[in-house]
Amino acid sequence: MIDRTEAPVLVLGSASIHVARFVRGLCAAGRSVVLATHGELPLGPLPGLREQVVLDLSVTSWSAVRRIRALTRQWSPSVIHAHQVNSVAWHAVRAARGAVPVVLTLWGSDVLTLPSRSPLHRWMVRSALQGAAAWTADARVLLDAAAQIAGPCESIRREWIPIGIDVPPPGSQTRERRLLSCRLHKPLYRIDAILRAFASLPASRADWVLEVAASGEQTPALQQLAAELGVAERVEFSGMLGAAALWRAYRRSAVFVSVPETDGTSVSLLEAMAAGCLPMLSDLPANREWVETGRNGLLVADPAHLGAALEQAIEWSESGRWVREGRPINEALVTEKALFPHNIEQFVALYDELTEHSA
(Lines give C-alpha, C1' and ligand atoms only; values in the text may rest on other atoms or scores of the structure.)
Protein backbone atom coordinates (compact mmCIF):
# COMPACT_ATOMS: atom_id res chain seq x y z
CA MET A 1 0.00 0.00 0.00
CA ILE A 2 1.47 3.38 -1.04
CA ASP A 3 1.40 6.06 1.61
CA ARG A 4 0.46 9.24 -0.30
CA THR A 5 1.52 11.41 2.62
CA GLU A 6 5.00 9.94 2.72
CA ALA A 7 7.86 12.08 1.41
CA PRO A 8 8.90 10.54 -1.91
CA VAL A 9 12.35 9.55 -3.08
CA LEU A 10 13.59 11.78 -5.89
CA VAL A 11 15.39 9.46 -8.33
CA LEU A 12 17.72 10.98 -10.93
CA GLY A 13 19.38 9.09 -13.74
CA SER A 14 19.70 8.32 -17.39
CA ALA A 15 16.82 6.91 -19.39
CA SER A 16 18.08 3.36 -18.95
CA ILE A 17 16.44 0.02 -18.30
CA HIS A 18 18.40 -0.16 -15.04
CA VAL A 19 16.85 3.05 -13.70
CA ALA A 20 13.42 1.87 -14.84
CA ARG A 21 13.87 -1.44 -13.06
CA PHE A 22 15.02 0.29 -9.90
CA VAL A 23 12.02 2.62 -9.84
CA ARG A 24 9.64 -0.29 -10.41
CA GLY A 25 11.32 -2.05 -7.48
CA LEU A 26 10.85 0.91 -5.16
CA CYS A 27 7.20 1.26 -6.13
CA ALA A 28 6.66 -2.47 -5.64
CA ALA A 29 8.13 -2.09 -2.16
CA GLY A 30 5.52 0.54 -1.34
CA ARG A 31 7.65 3.66 -1.68
CA SER A 32 6.56 6.74 -3.58
CA VAL A 33 8.92 8.10 -6.21
CA VAL A 34 9.47 11.26 -8.23
CA LEU A 35 11.61 10.45 -11.25
CA ALA A 36 13.72 12.78 -13.38
CA THR A 37 15.68 11.27 -16.25
CA HIS A 38 17.93 12.48 -19.02
CA GLY A 39 15.62 11.39 -21.84
CA GLU A 40 12.26 9.71 -22.18
CA LEU A 41 11.82 6.56 -20.11
CA PRO A 42 8.58 4.67 -20.77
CA LEU A 43 7.43 3.17 -17.48
CA GLY A 44 3.69 2.83 -17.74
CA PRO A 45 1.45 3.46 -14.75
CA LEU A 46 3.05 2.65 -11.42
CA PRO A 47 1.16 3.02 -8.13
CA GLY A 48 3.96 4.89 -6.36
CA LEU A 49 5.20 7.08 -9.23
CA ARG A 50 3.97 10.57 -8.35
CA GLU A 51 5.64 12.49 -11.16
CA GLN A 52 8.01 11.75 -14.02
CA VAL A 53 9.89 14.49 -15.83
CA VAL A 54 12.61 14.74 -18.45
CA LEU A 55 15.57 16.97 -17.62
CA ASP A 56 18.74 17.92 -19.42
CA LEU A 57 21.24 16.35 -17.02
CA SER A 58 24.26 16.69 -19.30
CA VAL A 59 27.40 18.31 -17.97
CA THR A 60 26.74 21.46 -20.00
CA SER A 61 23.18 21.93 -18.75
CA TRP A 62 22.56 25.33 -17.18
CA SER A 63 19.03 24.42 -16.11
CA ALA A 64 19.56 21.11 -14.32
CA VAL A 65 20.26 22.46 -10.82
CA ARG A 66 17.42 24.97 -11.00
CA ARG A 67 14.92 22.33 -12.11
CA ILE A 68 16.04 19.78 -9.51
CA ARG A 69 15.61 22.45 -6.83
CA ALA A 70 12.11 23.17 -8.16
CA LEU A 71 11.24 19.48 -7.81
CA THR A 72 12.67 19.50 -4.30
CA ARG A 73 10.54 22.49 -3.29
CA GLN A 74 7.44 20.91 -4.82
CA TRP A 75 7.79 17.41 -3.36
CA SER A 76 10.05 17.77 -0.29
CA PRO A 77 11.73 14.40 -0.95
CA SER A 78 13.19 12.43 1.93
CA VAL A 79 16.21 11.50 -0.17
CA ILE A 80 17.67 12.32 -3.58
CA HIS A 81 19.08 9.19 -5.20
CA ALA A 82 21.32 9.70 -8.24
CA HIS A 83 22.34 6.77 -10.39
CA GLN A 84 25.90 7.05 -11.73
CA VAL A 85 28.52 9.46 -10.48
CA ASN A 86 28.68 11.55 -13.60
CA SER A 87 26.98 14.85 -14.40
CA VAL A 88 23.74 13.44 -12.93
CA ALA A 89 25.29 13.13 -9.49
CA TRP A 90 27.15 16.42 -9.86
CA HIS A 91 23.91 18.29 -10.52
CA ALA A 92 22.18 16.41 -7.68
CA VAL A 93 24.60 17.39 -4.91
CA ARG A 94 24.72 21.03 -6.06
CA ALA A 95 20.94 21.18 -6.09
CA ALA A 96 20.59 19.54 -2.67
CA ARG A 97 23.10 21.89 -0.98
CA GLY A 98 23.20 19.57 2.02
CA ALA A 99 19.51 20.15 2.81
CA VAL A 100 18.43 16.74 1.51
CA PRO A 101 20.53 13.56 1.89
CA VAL A 102 21.94 12.47 -1.46
CA VAL A 103 22.58 8.79 -2.20
CA LEU A 104 24.89 8.00 -5.10
CA THR A 105 24.89 4.57 -6.72
CA LEU A 106 28.17 3.81 -8.47
CA TRP A 107 27.81 1.91 -11.72
CA GLY A 108 31.42 1.09 -12.56
CA SER A 109 32.78 3.19 -15.39
CA ASP A 110 31.80 6.36 -13.51
CA VAL A 111 34.53 5.81 -10.91
CA LEU A 112 36.82 3.45 -12.84
CA THR A 113 37.28 5.26 -16.15
CA LEU A 114 35.45 8.62 -16.21
CA PRO A 115 37.87 10.40 -13.83
CA SER A 116 40.80 9.57 -16.10
CA ARG A 117 39.35 11.38 -19.09
CA SER A 118 40.52 14.80 -17.93
CA PRO A 119 41.22 16.82 -14.78
CA LEU A 120 37.78 18.40 -15.21
CA HIS A 121 36.05 15.03 -15.23
CA ARG A 122 37.96 13.95 -12.13
CA TRP A 123 37.03 17.18 -10.35
CA MET A 124 33.36 16.67 -11.25
CA VAL A 125 33.32 13.10 -9.95
CA ARG A 126 35.20 14.05 -6.77
CA SER A 127 32.84 16.96 -6.08
CA ALA A 128 29.82 14.71 -6.45
CA LEU A 129 31.27 12.04 -4.18
CA GLN A 130 32.22 14.54 -1.50
CA GLY A 131 28.76 16.09 -1.51
CA ALA A 132 26.85 12.84 -0.95
CA ALA A 133 25.51 11.37 2.28
CA ALA A 134 26.01 7.79 1.08
CA TRP A 135 27.54 5.77 -1.73
CA THR A 136 26.26 2.38 -2.79
CA ALA A 137 27.76 -0.10 -5.21
CA ASP A 138 27.33 -3.72 -6.19
CA ALA A 139 31.08 -4.30 -5.99
CA ARG A 140 33.36 -3.33 -3.13
CA VAL A 141 36.09 -2.43 -5.57
CA LEU A 142 33.92 0.46 -6.74
CA LEU A 143 33.55 1.80 -3.20
CA ASP A 144 37.33 1.59 -2.80
CA ALA A 145 37.86 3.45 -6.08
CA ALA A 146 35.42 6.16 -5.00
CA ALA A 147 37.23 6.59 -1.70
CA GLN A 148 40.53 7.09 -3.51
CA ILE A 149 39.00 9.76 -5.74
CA ALA A 150 37.13 11.59 -2.97
CA GLY A 151 39.90 11.60 -0.40
CA PRO A 152 39.12 11.71 3.34
CA CYS A 153 35.33 11.44 3.69
CA GLU A 154 34.80 9.32 6.78
CA SER A 155 31.30 10.64 7.45
CA ILE A 156 29.92 9.31 4.15
CA ARG A 157 28.08 5.97 4.37
CA ARG A 158 29.43 3.26 2.07
CA GLU A 159 27.11 0.35 1.41
CA TRP A 160 27.66 -2.75 -0.68
CA ILE A 161 24.21 -3.46 -2.11
CA PRO A 162 23.91 -5.57 -5.26
CA ILE A 163 21.30 -4.66 -7.83
CA GLY A 164 20.30 -8.28 -7.89
CA ILE A 165 18.04 -10.41 -10.00
CA ASP A 166 14.33 -11.01 -9.93
CA VAL A 167 13.29 -14.22 -8.25
CA PRO A 168 14.01 -16.84 -10.93
CA PRO A 169 10.90 -18.27 -12.57
CA PRO A 170 10.21 -21.93 -11.82
CA GLY A 171 11.46 -24.38 -14.36
CA SER A 172 14.04 -26.97 -15.12
CA GLN A 173 15.72 -27.96 -18.31
CA THR A 174 18.15 -30.62 -19.44
CA ARG A 175 21.63 -29.15 -19.62
CA GLU A 176 22.95 -29.25 -23.18
CA ARG A 177 26.42 -28.97 -24.67
CA ARG A 178 26.12 -25.25 -25.05
CA LEU A 179 28.11 -22.16 -24.12
CA LEU A 180 26.29 -18.87 -23.61
CA SER A 181 27.42 -15.27 -24.07
CA CYS A 182 24.75 -12.63 -23.54
CA ARG A 183 26.69 -9.39 -23.14
CA LEU A 184 26.27 -6.50 -25.55
CA HIS A 185 28.21 -6.58 -28.81
CA LYS A 186 30.58 -3.75 -27.93
CA PRO A 187 34.39 -3.75 -27.83
CA LEU A 188 34.32 -3.60 -24.01
CA TYR A 189 32.83 -7.09 -23.82
CA ARG A 190 35.35 -8.79 -26.15
CA ILE A 191 32.84 -11.13 -27.82
CA ASP A 192 35.43 -11.56 -30.59
CA ALA A 193 37.79 -13.20 -28.08
CA ILE A 194 35.04 -15.64 -27.10
CA LEU A 195 34.50 -16.56 -30.76
CA ARG A 196 38.22 -17.15 -31.28
CA ALA A 197 38.44 -19.26 -28.13
CA PHE A 198 35.44 -21.31 -29.25
CA ALA A 199 37.03 -21.85 -32.65
CA SER A 200 40.22 -23.09 -30.96
CA LEU A 201 38.49 -25.97 -29.16
CA PRO A 202 39.69 -29.41 -30.28
CA ALA A 203 37.75 -31.42 -32.84
CA SER A 204 36.43 -33.61 -30.02
CA ARG A 205 34.27 -30.63 -28.98
CA ALA A 206 32.64 -30.24 -32.39
CA ASP A 207 29.25 -31.12 -30.90
CA TRP A 208 29.29 -28.01 -28.67
CA VAL A 209 27.34 -24.87 -29.64
CA LEU A 210 28.04 -21.25 -28.72
CA GLU A 211 24.97 -19.05 -28.33
CA VAL A 212 25.77 -15.35 -28.74
CA ALA A 213 22.72 -13.52 -27.46
CA ALA A 214 22.21 -9.72 -27.34
CA SER A 215 23.28 -7.35 -30.09
CA GLY A 216 25.16 -4.13 -30.68
CA GLU A 217 27.38 -2.14 -32.97
CA GLN A 218 29.69 -5.11 -33.57
CA THR A 219 27.03 -7.69 -34.48
CA PRO A 220 27.72 -7.75 -38.26
CA ALA A 221 31.49 -7.90 -37.69
CA LEU A 222 31.10 -10.72 -35.16
CA GLN A 223 28.93 -12.71 -37.56
CA GLN A 224 31.58 -12.21 -40.23
CA LEU A 225 34.30 -13.32 -37.81
CA ALA A 226 32.40 -16.52 -36.97
CA ALA A 227 32.27 -17.28 -40.71
CA GLU A 228 35.98 -16.56 -41.17
CA LEU A 229 36.84 -18.84 -38.23
CA GLY A 230 34.80 -21.66 -39.77
CA VAL A 231 32.39 -22.00 -36.84
CA ALA A 232 29.35 -20.13 -38.19
CA GLU A 233 27.27 -23.33 -38.24
CA ARG A 234 27.89 -23.86 -34.52
CA VAL A 235 27.39 -20.25 -33.40
CA GLU A 236 23.84 -19.07 -32.81
CA PHE A 237 23.32 -15.30 -32.87
CA SER A 238 20.00 -15.18 -31.06
CA GLY A 239 19.64 -11.40 -30.68
CA MET A 240 18.09 -9.53 -27.76
CA LEU A 241 16.11 -12.04 -25.72
CA GLY A 242 13.09 -11.37 -23.57
CA ALA A 243 13.16 -12.49 -19.96
CA ALA A 244 11.56 -15.89 -20.53
CA ALA A 245 13.75 -16.70 -23.53
CA LEU A 246 16.87 -15.60 -21.66
CA TRP A 247 16.08 -17.89 -18.71
CA ARG A 248 15.61 -20.77 -21.17
CA ALA A 249 19.01 -19.94 -22.66
CA TYR A 250 20.67 -20.00 -19.24
CA ARG A 251 19.02 -23.27 -18.24
CA ARG A 252 20.02 -25.17 -21.36
CA SER A 253 23.64 -23.90 -21.31
CA ALA A 254 26.37 -25.66 -19.38
CA VAL A 255 28.81 -22.72 -19.37
CA PHE A 256 28.28 -18.95 -19.19
CA VAL A 257 31.12 -16.87 -20.68
CA SER A 258 31.67 -13.17 -19.95
CA VAL A 259 35.08 -11.54 -20.39
CA PRO A 260 34.74 -7.73 -20.43
CA GLU A 261 37.75 -5.50 -19.92
CA THR A 262 36.14 -3.81 -16.90
CA ASP A 263 32.93 -4.54 -15.05
CA GLY A 264 31.02 -4.30 -11.83
CA THR A 265 28.69 -7.09 -10.75
CA SER A 266 26.67 -7.84 -13.86
CA VAL A 267 23.06 -8.98 -13.61
CA SER A 268 23.80 -11.56 -16.28
CA LEU A 269 26.43 -13.17 -14.03
CA LEU A 270 23.97 -13.40 -11.15
CA GLU A 271 21.29 -14.85 -13.43
CA ALA A 272 23.73 -17.41 -14.81
CA MET A 273 24.77 -18.41 -11.29
CA ALA A 274 21.15 -18.79 -10.23
CA ALA A 275 20.40 -20.89 -13.31
CA GLY A 276 23.24 -23.31 -12.60
CA CYS A 277 25.64 -22.39 -15.42
CA LEU A 278 29.35 -22.74 -14.79
CA PRO A 279 30.58 -19.11 -14.96
CA MET A 280 33.79 -18.41 -16.89
CA LEU A 281 34.76 -14.77 -16.39
CA SER A 282 37.51 -12.25 -16.84
CA ASP A 283 39.66 -11.95 -13.73
CA LEU A 284 38.35 -8.63 -12.45
CA PRO A 285 38.04 -7.47 -8.82
CA ALA A 286 34.23 -7.39 -8.98
CA ASN A 287 34.09 -10.96 -10.31
CA ARG A 288 36.44 -12.13 -7.55
CA GLU A 289 33.82 -10.98 -5.04
CA TRP A 290 31.50 -13.71 -6.39
CA VAL A 291 33.69 -16.40 -7.92
CA GLU A 292 36.75 -18.23 -6.63
CA THR A 293 38.42 -19.92 -9.54
CA GLY A 294 38.27 -23.68 -9.30
CA ARG A 295 35.64 -23.56 -6.53
CA ASN A 296 32.51 -22.05 -8.08
CA GLY A 297 33.68 -20.92 -11.51
CA LEU A 298 36.73 -19.95 -13.54
CA LEU A 299 38.52 -16.60 -13.83
CA VAL A 300 40.77 -15.87 -16.80
CA ALA A 301 43.34 -13.09 -16.61
CA ASP A 302 44.60 -13.20 -20.19
CA PRO A 303 42.23 -13.51 -23.19
CA ALA A 304 45.00 -15.44 -24.94
CA HIS A 305 44.28 -18.29 -22.50
CA LEU A 306 40.54 -18.24 -23.07
CA GLY A 307 40.53 -21.33 -25.29
CA ALA A 308 42.30 -23.45 -22.68
CA ALA A 309 39.93 -22.14 -20.03
CA LEU A 310 36.91 -23.04 -22.16
CA GLU A 311 38.22 -26.58 -22.48
CA GLN A 312 38.70 -26.71 -18.70
CA ALA A 313 35.16 -25.46 -18.14
CA ILE A 314 33.73 -28.08 -20.48
CA GLU A 315 35.66 -30.87 -18.75
CA TRP A 316 34.47 -29.64 -15.36
CA SER A 317 30.84 -29.44 -16.42
CA GLU A 318 30.94 -32.93 -17.93
CA SER A 319 32.66 -34.49 -14.93
CA GLY A 320 29.62 -34.20 -12.67
CA ARG A 321 31.71 -32.45 -10.03
CA TRP A 322 30.31 -29.08 -11.04
CA VAL A 323 26.72 -30.14 -10.36
CA ARG A 324 27.65 -31.67 -7.01
CA GLU A 325 30.00 -28.96 -5.72
CA GLY A 326 30.13 -25.66 -7.63
CA ARG A 327 26.53 -25.16 -8.67
CA PRO A 328 25.03 -25.35 -5.13
CA ILE A 329 27.50 -22.69 -3.95
CA ASN A 330 26.36 -20.25 -6.61
CA GLU A 331 22.67 -20.88 -6.09
CA ALA A 332 23.09 -20.23 -2.35
CA LEU A 333 25.11 -17.04 -2.95
CA VAL A 334 22.44 -15.53 -5.16
CA THR A 335 19.61 -16.52 -2.84
CA GLU A 336 21.37 -15.02 0.17
CA LYS A 337 22.72 -11.79 -1.33
CA ALA A 338 21.41 -10.93 -4.75
CA LEU A 339 17.66 -11.19 -5.03
CA PHE A 340 16.29 -7.84 -6.20
CA PRO A 341 13.36 -7.54 -3.75
CA HIS A 342 15.75 -8.02 -0.82
CA ASN A 343 18.21 -5.50 -2.29
CA ILE A 344 15.42 -2.93 -2.61
CA GLU A 345 14.64 -3.48 1.09
CA GLN A 346 18.29 -2.66 1.81
CA PHE A 347 17.98 0.63 -0.11
CA VAL A 348 14.77 1.52 1.72
CA ALA A 349 16.45 0.85 5.07
CA LEU A 350 19.33 3.12 4.04
CA TYR A 351 16.89 5.90 3.09
CA ASP A 352 15.15 5.61 6.46
CA GLU A 353 18.42 5.75 8.37
CA LEU A 354 19.64 8.80 6.45
CA THR A 355 16.32 10.56 6.88
CA GLU A 356 16.28 9.86 10.61
CA HIS A 357 19.86 11.06 10.96
CA SER A 358 19.20 14.30 9.08
CA ALA A 359 15.96 15.12 10.94
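**Exercise 1. Work out how helix 12 and helix 13 sit against each other, and which residues make the contact.**

Step 1. Take the axes: helix 12 and helix 13 (residues 321–337) come within 5 Å of each other and cross at roughly 105 degrees. Helices here are DSSP runs of H or I with at least four residues, strands are E runs of at least two, and both are numbered from the N terminus. Axes are lines fitted to C-alpha atoms, for helices over the stretch in contact, with angles from 0 to 180 degrees between N-to-C directions.

Step 2. Name the geometry. Under 35 degrees is roughly parallel, over 145 roughly antiparallel, 65 to 115 roughly perpendicular, and the rest oblique. Helix 12 and helix 13 are therefore roughly perpendicular to each other.

Step 3. Find the touching residues, with contact meaning heavy atoms within 4.5 Å. Helix 12 brings Trp316, Ser317 and Ser319, and helix 13 brings Arg321, Trp322 and Arg324.

A word on the model: it is predicted, so local features need pLDDT of at least 70 and side-chain atom pairs count only at pLDDT 80 or more, while totals for chains, interfaces and linings use all residues. Residues are numbered from 1 along each chain as its sequence is written, and side-chain values use heavy atoms, with hydrogens and water left out.

**Exercise 2. Place Gln312 and say whether it is buried or exposed.**

Step 1. Gln312 is found in helix 12 (residues 306–319).

Step 2. Its relative accessible area is 42%, which makes Gln312 partly exposed. The cut-offs are under 20% for buried, over 50% for exposed and partly exposed in between, using a 1.4 Å probe and protein chains only.

Step 3. For a sense of distance, try Tyr250: Gln312 and Tyr250 are 62 residues apart in sequence and 19 Å apart in space, C-alpha to C-alpha.

**Exercise 3. Lay out the seven-strand sheet and find its edges.**

Step 1. Write the order: 3-2-1-4-5-6-7, an open sheet with parallel pairing. Two strands pair if DSSP finds at least two bridges between them.

Step 2. Strand 3 (49–54) and strand 7 (157–160) are the edges; each has a single partner strand, so one side of each is left without a neighbour in the sheet.

Step 3. Neighbouring strands are turned by 20 degrees against each other on average, direction ignored.

Step 4. Zoom in on one pair: strand 6 (residues 134–137) runs parallel to strand 7, joined by four bridges. Thr136 has Glu159 of strand 7 as its bridge partner.

Step 5. Add a helix. Helix 3 (residues 87–96) packs on this sheet, touching strand 1 (9–14), strand 4 (79–83) and strand 5 (102–105), and its direction makes about 160 degrees with that of strand 4.

**Exercise 4. Pick out the best-connected members of the largest nonpolar core.**

Step 1. A nonpolar core is a set of buried Ala, Val, Leu, Ile, Met, Phe, Trp, Tyr and Cys residues joined through side-chain atoms within 4.5 Å.

Step 2. The largest core has 69 residues, and Leu104, Leu106, Leu129, Trp135 and Tyr250 touch the most other members. Helix 3 gives the most to this core, with seven residues.

Step 3. Check Trp135: leaving out residues up to four places away in sequence, its contacts include Leu104, Leu129, Leu143 and Ile156.

Step 4. Don't miss the second, separate core: it has 32 residues, among them Ile191, Leu195, Ala226 and Ala254.

**Exercise 5. Which residues of helix 8 are buried, and what covers them?**

Step 1. In helix 8 (residues 219–228), the buried residues are Thr219, Leu222, Leu225 and Ala226.

Step 2. They span an arc of only 120 degrees around the axis, which puts them on the same side of helix 8. The arc is that of the directions from the helix axis to the C-beta atoms.

Step 3. Turn to the face away from that buried side, and you meet the exposed residues Pro220, Ala221 and Glu228.

Step 4. The cover over the buried residues includes helix 7 (191–199) and strand 10 (235–239).

**Exercise 6. Where does Ala214 lie, and what is odd about its phi?**

Step 1. Ala214 lies in the loop between strand 9 (209–213) and helix 8.

Step 2. Most residues other than glycine have a negative phi. Ala214 isn't a glycine, yet its phi is positive, about 70 degrees.

Step 3. With 9% relative accessibility, Ala214 counts as buried.
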